[in-house]
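Morning, everyone. Please bring up the model on your screens. I'll start with one residue and work outwards.

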Amino acid sequence: MKKFFLHLTIVVSLFTMAAKAQTKISVTNLQCEMLQNPEGIDVVQPRLSWQINADVKDVKQTAYQIIIASTLENLNANKADLWDSGKVQSDESVNVIYNGKRLENRQNAFWKVIVWTNKGEIQSVEKAHFSMGIMNYADWKSTRWIGYEKASVGDSISQYSRLSARYLRKEINLKKQVKNAKVYIMGMGLYELYINGNKIGDQVLAPVPTDYTKNVKYNVFDVTSQLKEGKNMLGTVLGNGRFFTMRQDFKPYKIKTFGYPKMALQLFIDYTDGTKEVIRTDDTWKVTTNGPILSNNEYDGEEYDARKEMKNWNTTNFDDKKWLLAEYVQEPGGFYEAQMTPNMKIMGEVKPISIQQTPKGTYILDMGQNMVGWLQLKVKGKSGDKIKLKFAESLQTDGSLYIENLRDARTTDVYTLKGEGEEIWEPAFVFHGFRFVEVSGYTTKPTIDNFVGKVVYDDIKTTGTFESSDAVMNQIFKNAYWGIRGNYKGMPIDCPQRNERQPWLGDRTTGAYGESFLFDNQTLYAKWLDDIKNAQTADGGIPDVAPAFWRYYGDNVTWPGTYITVADMLYQQFGDKKVIEKHYSSMKKWVVYMEQNYLVKDVMTKDKYGDWCVPPESLELIHSKDSARTTNGELIASAFYYHLLQKMKKFAVIDGTNSNDIQYYNSLSERVKTAFNAKFFNAGKNNYANNTVTANLLPLAFGMVPENLQSKVFDNIVHEVEVTYKGHISTGVIGTQFLMRTLSEYGRPDLSYKLASNDTYPSWGYMAKNGATTIWELWNGNTADPKMNSQNHVMLLGDLLIWYYENIAGIKSNPETPGFRQIIMKPDFETGLTFVNASYESIYGTIKSNWKKSKNTLQWNITIPANTSAMVYLPTTNAPAVMLDNKKLDKTSTSYKAENNKLVLTLPSGSYVLNVKQ
């Protein structure tokens with residue numbers, strides 16, 4: 001009997017322990033195509049993902065069951081009328097491909113997931129939803145594009161284009177009770193949508209920009225709650241965006257424009273009695289250009305006359321007899337696609353830190369931060385008073401705005417008062433890059449409380465944090481954060497302030513990789529790959545700017561090669577295999593195009609930009625004139641081409657359908673490497689070409705240097721950095737992409753740290769020391785020729801952010817298990833830093849690395865997400881010197897081994913405290 005009760009007690013105890021563990025595990029963050037509850041997708045077999053959150057260690061998924069239903073009621077009843085995967089024995093929790101019934105046009109889908117782990121069964125508490133879009137071009141039948149294709153009084157079709165906003169409205173009479181309603185809208189170039197006076201959605205500057213002759217994005221909104229039985233009013237405002245481009249009738253050989261703003265809309269309504277109705281754009285809609293938005297130009301600003309406001313124009317309580325009937329207009333020409341990346345949104349606010357009056361009676365407002373977005377103002381005054389806001393990034397020595405670096409961008413918003421008490425206004429269809437604003441027109445002295453800065457960028461999550469013992473590095477990280485977020489505009493642009501703002505490929509070749517630690521940029525860059533593919537010429541060429549709003553089809557390797565490196569980033573950081581499968585043939589087409597046109601005797605002869613923006617020898621120069629600083633263009637092109645061939649070989653393996661291509665890439669890359677070394681390697685000096693850091697760095701980083709010569713080539717790099725350039729950076733956009741990691745990986749993390757923590761010219765810290773709150777376009781951006789010194793560019797970051805996370809924090813995805821399924825945690829502890837505290841929210845969950853060094857001890861707190869593991873590298877081979885969660889290492893419970901003067905632990909998920917005596 002005693003044995004029975006003992007056995008019963010053990011069983012009950014184990015059950016209780018399991019139950020307690022189970023309450024600490026949950027399934028969250030359900031996503032479809034990497035989006036939360038997306039409306040109107042056009043992927044017929046969408047990918048589903050979820051995260052497992054656990055407060056206990058060693059949690060592994062062993063199986064899952066996905067249940068998808070066409071209604072929420074069916075889902076709640078576990079009636080999977082679309083797909084029941086059944087219990088699938090698998091540890092996959094990311095990008096699980098839908099395999100149920102065919103998903104039809106506008107199909108609703110509600111889903112949940114049941115997960116089995118080595119700790120038990122868990123069901124997702126949250127229920128997720130997605131809906132299908134309009135899948136076929138023909139399904140937009142009877143829906144007409146409408147607009148008004150004429151200039152109005154005050155408009156100007158010239159270099160400094162002015163075009164008033166288009167206001168459109170349509171009254172509809174719904175004779176039944178609405179059960180469900182969704183609206184599908186394409187508003188070119190930008191739109192705001194209203195129903196019964198209420199703005200639909202919190203997006204701004206929508207939709208994301210594309211080459212509208214190639215593809216046009218539609219947005220979808222559930223508007224069930226906005227509609228009522230009886231009369232309803234649909235209203236839209238159309239802004240210009242990139243459609244009616246900022247410079248009309250100016251350099252047409254370079255600048256692409258698409259026509260006057262236009263729109264197409266479908267409103268699908270399901271009534272409670274089972275009947276349906278579709279409202280479409282047609283020639284019964286009314287339009288006017290005689291509204292308050294007089295002009296909206298991304299370069300020049302927005303002008304708004306509040307006296308021309310049309311009260312209740314977007315409600316049924318309005319007389320539109322003076323409005324015109326909308327015109328049928330030509331469609332943009334591009335294929336209609338669901339927008340599979342978030343729109344922009346107001347993502348934050350900045351309050352000014354000071355306001356000062358100038359001798360001429362205007363005021364200079366200081367936001368304290370170079371930011372991107374716009375300014376909201378509050379004002380009281382008489383009807384007809386004009387408030388002007390002129391935006392700039394910095395000031396001249398006399399305290400006035402510094403505007404030379406804006407080129408011909410006028411960057412001015414104008415608000416004309418209606419004179420009715422306190423008026424609050426902000427623009428709708430422009431953005432500015434600025435820290436300072438010159439304010440004029442206030443009849444009483446304004447204060448900082450009259451203004452709020454609105455920070456605008458893509459609605460994506462911040463995923464990374466970083467802090468260290470070095471204040472300079474911390475400020476650089478903050479500057480990078482502000483620069484990156486500001487230049488996300490539905491595409492990654494180079495700068496937000498001057499008359500450019502273009503999606504240059506070369507700015508993100510490696511930058512996209514570093515950015516992925518700070519922001520969840522997966523869908524943004526997946527969309528950008530589509531833009532690049534759509535910009536490719538029939539013969540295979542890829543431009544330097546995509547979408548090709550500026551026509552830069554000049555051919556080179558380093559800018560178009562971004563197509564390949566960004567695809568590789570998406571695979572490495574997010575485990576996104578689909579982008580490789582989707583773009584492989586187009587990427588190969590470009591590789592072959594470059595070989596056939598520019599490979600001469602196995603040397604790539606076509607380069608365009610060189611090692612762009614190396615630090616010049618004079619603070620007044622934009623580009624160096626010193627030949628000793630200039631790297632041979634053929635060397636750069638050949639090395640980079642070899643580098644891209646290695647990635648293409650990897651893609652061929654991943655894709656699995658291109659095994660014959662592997663031999664092609666192997667053969668071609670070996671030929672290129674042989675010719676490269678024969679032409680550029682100086683055997684007597686053990687360096688390449690003229691011995692610039694970039695000339696030696698690229699072949700070393702890309703694996704082109706014979707193994708027995710690698711240390712000697714690296715010694716030359718170190719000598720140039722330490723002696724010739726006195727511990728400062730000497731590389732441009734190309735070399736800097738591989739500088740920090742290569743120095744660390746070849747045994748000089750201290751030298752990487754020196755470059756990262758410098759505050760004298762040239763360095764990132766020099767920018768911060770001289771007042772930068774973002775990253776400059778030039779190392780000497782405070783002194784160089786003003787025509788090219790944007791104070792908010794990200795191209796010079798190179799691989800700095802990657803180095804922060806992978807080499808200093810020790811947060812790196814194992815290349816063999818992409819998407820951080822296994823994490824390599826291998827910080828360089830011997831840099832001079834005394835602590836680092838970093839986190840990164842991966843697709844599996846949050847990874848944390850917090851280490852601190854004292855005189856004889858290293859303490860390292862780490863967090864590994866559920867359903868992943870980590871290889872943790874400790875700076876010792878002496879196992880007795882290591883404590884794991886205040887216990888000595890025990891091989892019976894912890895797997896570890898000695899490797900290259902380090903102790904390598906393989907740890908399952910969970911939070912751990914490591915202490916190492918040194």
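Take T783. Is T783 buried or exposed, or something in between? Its relative accessibility is 31%. Buried means under 20%, and exposed means over 50%. So T783 counts as partly exposed. Keep in mind that this is a predicted model.

Where does T783 sit? It is in the loop between α14, residues 764-769, and α15, residues 800-809. Now look for what T783 touches. Setting aside residues up to four places away in sequence, T783 touches L619 and E620. E620 is 163 residues away along the chain. In space, the C-alpha atoms of T783 and E620 are separated by 5.5 Å.

Compare that with another pair, L709 and D568. They are 141 residues apart in sequence. How many Å apart are they in space? From C-alpha to C-alpha, L709 and D568 are 28 Å apart. L709 itself lies in the loop between α10, residues 693-701, and α11. At 16% relative accessibility, L709 falls under the 20% cut-off, so it counts as buried. L709 touches F681 and N686, again not counting residues up to four places away in sequence.

Next, a residue inside a helix. M648 lies in α8, residues 633-655. Its relative accessibility is 0%, so M648 counts as buried. What is M648 in contact with, leaving aside neighbours within four places in sequence? The list is I564, Y584, M587, K588, V591 and Y665. Y665 is 17 residues from M648 along the chain. The C-alpha atoms of M648 and Y665 are separated by 7.2 Å.

I564 from that list takes us to helix α6, residues 562-574. Let's check the length of α6. It has 13 residues, at 1.5 Å a residue, so it should span 18 Å. The end C-alpha atoms of α6 are 17 Å apart, which agrees. How many of the α6 residues are buried? The count is 13 of 13, so to speak of α6 as mostly covered is fair. Right after α6 comes G575, with a positive phi near 65 degrees.

On to helix α13, residues 749-757. This one is mostly covered too, with seven of its nine residues buried. Those buried residues are P749, L751, S752, Y753, L755, A756 and S757. What do they pack against? They pack against α3, α11, α12, α14 and α15. Here is a useful rule for reading any helix. An α-helix has 3.6 residues a turn, so residues three or four places apart point the same way.

Now some backbone details. I picked two cis peptide bonds to show you. One runs from A206 to P207, with omega near 0 degrees. P207 is in the loop between β15, residues 203-204, and β16, residues 215-222. The other runs from A546 to P547, with omega near -5 degrees. P547 is in the loop between α5, residues 522-535, and α6.

Then two positive phi values in residues other than glycine. For N196, phi is near 50 degrees. N196 lies in the loop between β13, residues 190-195, and β14, residues 198-199. For R501, phi is near 55 degrees. R501 is in the loop between α3, residues 471-486, and α4, residues 511-518. Is R501 buried or exposed? At 0% relative accessibility, R501 counts as buried.

Finally, zoom out to the whole protein. Its secondary structure comes to 15 helices and 49 strands. The C-alpha atoms fill a box of roughly 90 × 85 × 60 Å along the principal axes. How does the radius of gyration compare with that of a compact globule? For 918 residues, a compact globule would come out near 29 Å. The protein has 29 Å, which agrees.

Buried residues make up 62% of the 918. Look at contacts between residues at least 6 apart in sequence. Of those, 75% join residues at least 24 apart. The exposed surface is about 35300 Å², and carbon and sulfur atoms supply 49% of it. As for charge, there are 107 positive and 99 negative side chains. The centres of those two sets lie 3 Å apart.

That's my tour. Thanks for listening.

Conventions: Residues are numbered from 1 along each chain as its sequence is written. This is a predicted model: local features need pLDDT of at least 70, side-chain atom pairs count only at pLDDT 80 or more; totals for chains, interfaces and linings use all residues. Side-chain values use heavy atoms; hydrogens and water are left out. Helices (H or I, at least four residues) and strands (E, at least two) are DSSP runs, numbered from the N terminus. The radius of gyration is taken over C-alpha atoms; the globule rule is 2.2 Å times the number of residues to the power 0.38. Buried means under 20% relative accessible area, exposed over 50%, partly exposed in between (1.4 Å probe, protein chains only). Contact means heavy atoms within 4.5 Å. Accessible areas come from the Shrake-Rupley method with a 1.4 Å probe; for residues, only the protein chains shown count as cover. Lys and Arg count as positive and Asp and Glu as negative; His and the chain ends are not counted. The place of a charge is taken as NZ of Lys, CZ of Arg, CG of Asp or CD of Glu. The expected span of a helix is 1.5 Å times one less than its number of residues.
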